[in-house]
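Let's take a walk through this protein, from its overall layout down to a few details of charge and backbone. Have the sequence and the model open side by side as you read.

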Amino acid sequence: SLGGQGHQGNMVVMHKVDGAHSAGDTFVDVHSKGVVFAGDLLFIGVSPIMWEGPAETFIEALEELLDTEAKLFVPGHGPVTDRGGVEASIDYWEYVAEGTKACLQAGVDAHPCGLQMLADLPRPWRDWADPERILINVVVQMGHLRDPGNFKVKGSQKFGLIQQCDLRVSLDKLLPVCLDVLHVVLFSRLCFIEGLVEQGSL
């Protein structure tokens, strides 16, 4: 940690965290004001994403935020929150860690595991923006479980994982439209067949 006098004599302490959102995250504690600037360790109202991990390190980092005894937290993404927002984020990463571990023990690969966890995602997380990011988080967490201490996400892999999430969103938006079109086509065909029956053509 690095500390020093900030504006108007406020004590400011910078903490470095390794292996959570990225390889090197930081948060800043303005202790005299009870405020922490959490950076990308904290996402509020939008699903977090883990490029480094594992989830257990993310949880430890969020617990460090709470250990500052701050009352207000400025996240890297989303609105200012209180201690409850940090606790909800801890719960999210516990969900990722426990669910991924259960999948690994059951012999389920990362992708189907992520899809199932996305389908089962409880509130408040399923109401957050970009809930499909859990697909990436499960891949990263599964990698750490299979190769602890060695797993890393390469830059090229990040783009592939993001594209998978984008595809998932596109399919989710496209499916209702396809179903509506299918209903219209089937209804039209049914009316056509009924007309032929009435005319005695069938």
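## Overall layout

Helices and strands here are DSSP runs, counted from the N terminus; a helix needs at least four residues and a strand at least two. On that basis, the order along the sequence is β-β-β-β-α-β-α-α-α-α. That gives 5 helices and 5 strands. Keep in mind that you're looking at a predicted model.

The protein has 202 residues, and 38% of them count as buried.

## The nonpolar core

So what sits inside? The largest nonpolar core has 44 residues, and the ones touching the most other members are Leu62, Leu65, Phe73, Trp93 and Ile134. Several elements feed into this core: β4 (35-43), α1, α2, α3 (110-119) and α4 (134-146) each supply at least two residues. Helix α2 gives the most, with 8 residues.

## A negative patch on the surface

Now turn to the outside. A negative surface patch is built from Glu56, Glu60, Glu63, Glu64, Asp67, Glu69, Asp82, Glu87, Asp91, Glu94 and Glu98. Two helices, α1 (55-67) and α2 (83-106), each bring at least two residues to the patch. Which helix gives the most to the negative patch? That would be α1, with 5 residues.

Two members are worth a stop. Asp91 is placed in helix α2, and with a relative accessibility of 38% it counts as partly exposed. Glu69 is placed in the loop between α1 and β5 (72-77). Its relative accessible area is 63%, so Glu69 is exposed. There's a backbone quirk here as well: Glu69 has a positive phi of about 65 degrees, although it isn't a glycine.

## Salt bridges

The count comes to 5 salt bridges. One of them pairs Lys16 with Asp18, at 2.4 Å from N to O. Lys16 is exposed, with a relative accessible area of 58%, while Asp18 is partly exposed at 49%.

Another salt bridge joins Asp109 and Arg146, whose closest N and O atoms are 3.2 Å apart. Asp109 lies in the loop between α2 and α3 and Arg146 in helix α4, so this pair ties together parts that are 37 residues apart in sequence. Asp109 has a relative accessible area of 44%, which makes it partly exposed.

Then there's Arg123 with Asp127, where the closest N and O atoms are 2.8 Å apart. Arg123 is exposed, at a relative accessible area of 55%. Asp127 counts as partly exposed, at 48% relative accessibility.

## Cis prolines and another positive phi

Arg123 turns up again in the backbone: its peptide bond to Pro124 is cis, with omega near 5 degrees. Pro124 is in the loop between α3 and α4. Asp130 is also found in the loop between α3 and α4. Like a residue already met above, Asp130 isn't a glycine yet has a positive phi, here near 55 degrees. At 31% relative accessibility, Asp130 counts as partly exposed.

Where does Pro54 sit? Its place is the loop between β4 and α1. A cis peptide bond joins Gly53 to Pro54, with omega at about 10 degrees.

Terms used
Residues are numbered from 1 along each chain as its sequence is written. This is a predicted model: local features need pLDDT of at least 70, side-chain atom pairs count only at pLDDT 80 or more; totals for chains, interfaces and linings use all residues. Side-chain values use heavy atoms; hydrogens and water are left out. Patches are made of residues with over 30% relative accessible area and no salt bridge: like charges are joined within 9 Å, nonpolar side chains (Val, Leu, Ile, Met, Phe, Trp, Tyr) within 5 Å. Accessible areas come from the Shrake-Rupley method with a 1.4 Å probe; for residues, only the protein chains shown count as cover. A salt bridge is a side-chain nitrogen of Lys or Arg within 4 Å of a carboxyl oxygen of Asp or Glu. Lys and Arg count as positive and Asp and Glu as negative; His and the chain ends are not counted. The place of a charge is taken as NZ of Lys, CZ of Arg, CG of Asp or CD of Glu. Buried means under 20% relative accessible area, exposed over 50%, partly exposed in between (1.4 Å probe, protein chains only). A nonpolar core is a set of buried Ala, Val, Leu, Ile, Met, Phe, Trp, Tyr and Cys residues joined through side-chain atoms within 4.5 Å.
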